[in-house]
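Please open the model in a viewer and keep the sequence panel visible. The tour proceeds by selections, each followed by a short account of what is found there.

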Amino acid sequence: MTSDGSPYTRFRRALEAGNDMLVLATARELPHIALDDALQICLVLRGGDRARYERAAVRWLGRFALEARGLTIADLRAAADALDALPARANDALERLQRLCLEHGLS
């Protein structure tokens, strides 16, 4: 470990800074990214390259589909709609995604 801290600490700092390239570089150092951290990555990426955001959002949606308990197609559709809205209406979309996660046993 360097004096900069653990890989996760560097990742959290990158998220706080909002630098998309730094976030992606530090994320690659992690053995696993929690679903809530993956959503934070989507938040950082939402204002940049649309294709990069789309890839991250689709990965998040896939993990949500696999990890959530008692998920319905309607829930998955609601999550996809929220991710689609995230770039333009971040607060509302994030609130909907967090509510879906809580409803389905994800924190």
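The tour begins with the whole chain, continues with aromatic rings and ends with two pockets.

**The whole chain**

Display the entire protein as a cartoon, bearing in mind that this is a predicted model. The cartoon shows six helices and zero strands, and from the N terminus the order of elements is α-α-α-α-α-α. Along the principal axes, the C-alpha atoms occupy a box of roughly 45 × 25 × 20 Å. The radius of gyration is 14 Å, which agrees with the value near 13 Å for a compact globule of 107 residues. If the view is coloured by accessibility, 37% of the 107 residues count as buried. Of the contacts between residues at least 6 apart in sequence, 49% join residues at least 24 apart.

**The first aromatic pair**

How many aromatic pairs does a search of the whole structure find? The search yields two. Select Tyr8 and Phe11 for one of them: the ring centres are 6.0 Å apart and the planes form an angle of 40 degrees, a tilted arrangement. Both residues belong to helix H1 (residues 7–17), and because they are three residues apart there, about one helical turn separates them. Is each ring buried or exposed? Tyr8 is partly exposed, at a relative accessible area of 39%, whereas Phe11 is buried, at 0%.

**The second aromatic pair**

Now select Trp60 and Phe64. This pair is stacked, because the planes meet at 10 degrees, with the ring centres 5.2 Å apart. Trp60 and Phe64 are four residues apart in helix H4, so about one helical turn lies between them. Trp60 is buried, with 2% relative accessible area, and Phe64 is buried as well, at 0%.

**Thr26 and its contacts**

Next, select Thr26, which is located in helix H2. Thr26 has a relative accessibility of 5% and therefore counts as buried, the limit being under 20%. Beyond its neighbours within four places in sequence, Thr26 touches Arg10, Phe11 and Ala14. Phe11 has already appeared on this tour as the buried member of the tilted pair with Tyr8.

**The largest pocket**

Select Leu24, Ala27, Arg28, Ile33, Ala38, Ile41, Cys42, Ala56, Arg59, Trp60 and Arg63 to display the lining of the largest pocket. The volume of this pocket is about 260 Å³. Which helices each supply at least two residues of its lining? They are H2 (20–27), H3 (35–45) and H4 (50–67). H4 provides the largest share, with four residues. Eight of the lining residues are nonpolar and three are charged, with no polar residue present.

**The second largest pocket**

Finally, select Leu35, Asp36, Asp37, Leu39, Gln40, Trp60, Gln98, Cys101, Leu102, Leu106 and Ser107, which line the second largest pocket. Two or more lining residues come from each of H3 and helix H6 (90–103). The largest share, five residues, is that of H3. The second largest pocket has a volume of about 150 Å³, and its lining comprises six nonpolar, three polar and two charged residues.

To close, keep Trp60 selected. Trp60 lines the largest pocket, lines the second largest pocket and stacks with Phe64.

Note on methods. Residues are numbered from 1 along each chain as its sequence is written. This is a predicted model: local features need pLDDT of at least 70, side-chain atom pairs count only at pLDDT 80 or more; totals for chains, interfaces and linings use all residues. Side-chain values use heavy atoms; hydrogens and water are left out. On a 1 Å grid over the protein atoms alone, a cavity is a set of points where a 1.4 Å probe fits but cannot get out, and a pocket is an open set with protein on both sides within 12 Å along at least five of seven lines; lining residues have an atom within 4 Å of a point. Grid points are joined across faces, edges and corners, and a volume is the space filled by probe spheres set on the points. Ala, Val, Leu, Ile, Met, Phe, Trp, Tyr, Cys and Pro count as nonpolar, Asp, Glu, Lys and Arg as charged, and the others, Gly among them, as polar. Rings of Phe, Tyr and Trp (its six-membered ring) pair if their centres lie within 6.5 Å; planes under 30 degrees apart count as stacked, over 60 as edge-to-face and the rest as tilted. Buried means under 20% relative accessible area, exposed over 50%, partly exposed in between (1.4 Å probe, protein chains only). Contact means heavy atoms within 4.5 Å. The radius of gyration is taken over C-alpha atoms; the globule rule is 2.2 Å times the number of residues to the power 0.38.
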